[in-house]
Structures are given as structure tokens and as C-alpha cells.
Amino acid sequence: MSNVERDPVSTTCARGPEATEPALHRVEILTPRDVPLGGPRSMSVRRTLPQRARSFVGAWCFVDHYGPDDVARRGGMDLPPHPHTGLQTVTWLFDGEVEHRDSLGSHAYVRPGELNLMTGGRGICHSEVSTVRTTVLHGVQLWVALPNEHREAERDFQRYVPSPIRKDGAEIRVFLGSLLEAVSPVRTFTPLLGAELILEPGASLTLGVDAAFEHGLLVDEGGIELNGTALSPAQLGFLRPGIGSLTLRNTSPARARAVLLGGPPFEEEIVMWWNFIGRSHDDIVRARQDWEEQSERFGAVEGYAGERLPAPELPNATLAPRRNPPSS
């Protein structure tokens, strides 16, 4: 899924209560905003990144969380062909099935526990449609900003099915980077960590992590304490670099599930609007014009039964770059 809202905006960050420990060890709590997406069948997502107070966790720059949605009642997903520049998209499902088609010629079915990563550097377009077999749709859509030296990378599509690791009442699937003994073979342009964690009731798990990374834990279901800070569903707990271990405890009577993200701080500024990432307002203007003119820059999606998605109007102002606030 992609940012096909009709009026892309930024918002402020809701932070957790102040703690007495040093900022290095403090878990910042980010809460999402609800965003309705466009297209023939509208659906709503909970967007945790970006926010005004935090744009990145490592190079992760966009976190949407959706479902569980009853497709019979809510209508499922039908996102027409739409463009991307300057990023990699990461699709991870908990329930349901989505048919993916892109202008590279890829045709894949996204299923729970299977990573689908698409690279749209200079330009790519794709469509996403939940299949007739889907009764419940539930998952996350994530974006990774490409560093400036790779922001015009060639189109690419990768699929990977990680094997689960079981440890201390938890089941872990590492889809990007490395954690415990698992190493994902998926190619990225900056070091990243991405993993799904399922904790049984009462389970407590300590993970050794790269102290050079920032980390974010997005809770999907249940209640989880991250290094002693309570997180509720749809909240993201953020930790700055300098911490070599994370302790997660399931405080709910049922299983809990979360997605762990990480990477070294992304020090570049980006301009992000709609489905485009660039380095200037003019980059975005050119990308939008190329899409509206059906330039070969983005190619075409074959096999989608419908029209491509038009770009929204640009705001009547210069788009400002974004970056993370200075470390305190």
C-alpha cells in the first residue's frame, strides 16, 4: 500500500510522559493519526511516521498500520497504478492476500510472513489489490528513504520468506538485516533491521541489537513493555542509538505482536510529498509532471483492470525538506 491520500500533510508528534532517565535510554512514544486513502474502494490507515517531531527511524521514513479490516464490510484494498521515486517500499501482512503488479513486470501475491520489497529510485509504478480469497486485511506498509547517492537506483523487486526463530516464548521473523542468528539476504542501500515478533502471554524477551542503530517498535496487538515503558496497539516506541539490548515483555493475557525497525541515523534531508521522495521542491514538481504526462520514467503496469491514479495538486507553497530533530 502507498500514500494515495488526496491531501498529503504532516502532523505533530505525540510524545510519552517525561521520564527521569537520560534521553539516551528514554523510550519516546509516537502515536499515529488516521489517514483515509483514495481509490475506488477507500480504506483507512494509522500513520506513525512521518511526524513533525520525528521523520525517520534509521532510513525508515514512513510507517502505515492497517486492520484487521473485515473485507466484506470495509471493501478491502484496490490501489490503482501509482508512482514512486527515491525509496524502497516494504509490504508485510499479518492477514489477507494482496496482488502486486509493477512496471518492472513483477506480478506477485503478498501473503502473511512473506516480505515484498520494491525499489523505486528514478521511478516505478505499481498497483495493489486484495484478492477474492481475502476475508480480513491486516498489515503494515513501510518506506525506506534511499540515500542521495542511490536515489535514482534502477527498478527492482525482491521477495523473501524468513524462517521463524523461537526464543523465550517468542517467535521472530527477520525480514531485513540481522537479529539473533538470522540474516536476511534482501538488498538495501543503508543498513536496516526489520522483524516481526510474536510474544506469548507473559513472555519476556531480551535481544542484543546494534548500539549504532536507532530502533522503533510498532505494536500491532496486545500490550508490550519496551525497556520498561508500556506501549499500546498502534503506538511506536522509539529509542536513540547507544543501547545494545532491548527487553520486551508481553503484559496482556493474550499473545502480543509487534514490528521492530532499526538502522543508523539517516542524516540527510529529504522532501517527501505524496508518493515521491526527492531533495528539493523542484524534484517533486518534475516527478509529478512526469507522472501526469505518462512519461517513460515510471513505465506502465500491465494487467490492472482500471485507470492509473492521478496525482493530487501541489500545495501553493514551496515544499520544505524534513529531517530528524537534533539529538538531545
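This briefing describes a sheet, the empty spaces and an annotated C-terminal span in one protein structure. The model is predicted. Its seven-stranded open sheet is antiparallel in its pairing, and strand E9 of that sheet contributes two or more residues to the lining of the largest cavity, as does strand E6. A UniProt domain annotation covers residues 196-294.

**The open sheet**

- The sheet is built from 7 strands in the order E2-E3-E4-E11-E6-E9-E12, with antiparallel pairing.
- Strand E2 (33-36) and strand E12 (156-160) occupy the edges; each has a single partner strand, so one side of each is left without a neighbour in the sheet.
- From one strand to the next, the twist averages 20°.
- Strands of a sheet are held in pairs by backbone hydrogen bonds, in either a parallel or an antiparallel sense.
- At the E2 edge, 4 bridges connect E2 to strand E3 (residues 44-49) in the antiparallel sense. Proline 36 has serine 44, in E3, as its bridge partner.

**Strand E9 and its partners**

- E9 is mostly covered, with 6 of its 6 residues buried.
- Burial extends to both faces of E9: Leu115, Leu117 and Thr119 are buried on one side, and Asn116, Met118 and Gly120 are buried on the other.
- E9 pairs with E6 in the antiparallel sense over 5 bridges. Within this pairing, leucine 117 of E9 is the bridge partner of valine 90.
- E9 is also joined to E12 by 5 bridges, and these two strands run antiparallel. Here threonine 119 has aspartate 156, in E12, as its bridge partner.

**Cavities**

- Rolling a probe the size of a water molecule over the atoms reveals where empty space remains.
- The model contains 2 cavities of 30 Å³ or more.
- The largest cavity holds about 40 Å³ of space.
- Its lining consists of Thr89, Thr91, His100, Val110, Asn116, Met118, His126 and Phe157.
- The elements that give two or more residues to this lining are strand E6 (87-95) and strand E9 (115-120).
- By class, the lining of the largest cavity comprises 3 nonpolar residues, 5 polar residues and no charged residues.
- Asn116 and Met118 belong to this lining, and both sit on one side of E9, together with Gly120.

**The second largest pocket**

- The second largest pocket encloses about 200 Å³ of space.
- Its lining is made up of 13 residues, and those nearest its centre are Gln294, Gly299, Ala300, Val301 and Arg308.
- The lining of this pocket divides into 6 nonpolar, 4 polar and 3 charged residues.

**The annotated span and valine 271**

- An unreviewed UniProt entry places the feature "domain: Pirin C-terminal" at residues 196-294.
- Across residues 196-294, the end C-alpha atoms lie 37 Å apart, and the span is 12% helix and 47% strand.
- Valine 271 is located in strand E25 (residues 271-273).
- Valine 271 has a relative accessibility of 1% and therefore counts as buried, the cut-off for burial being under 20%.
- Valine 271 and arginine 286 are separated by 15 residues in sequence and by 13 Å in space, C-alpha to C-alpha.

Note on methods
Residues numbered from 1 in each chain as written. Predicted model: local features only at pLDDT ≥ 70, side-chain atom pairs only at ≥ 80, totals over all residues. Heavy atoms only, no water. UniProt positions renumbered as here; feature names shortened; annotations may be inferred. 1 Å grid on protein atoms, 1.4 Å probe; cavity = no way out; pocket = protein on both sides within 12 Å on 5 of 7 lines; lining within 4 Å. Points joined across faces, edges and corners; volume = space filled by probe spheres on them. Nonpolar A, V, L, I, M, F, W, Y, C, P; charged D, E, K, R; others polar. Pairing = 2+ DSSP bridges. Axes fitted to C-alpha atoms, helices over the stretch in contact; angles between N-to-C directions. Buried < 20%, exposed > 50% of the residue type's maximum accessible area, 1.4 Å probe, protein only.
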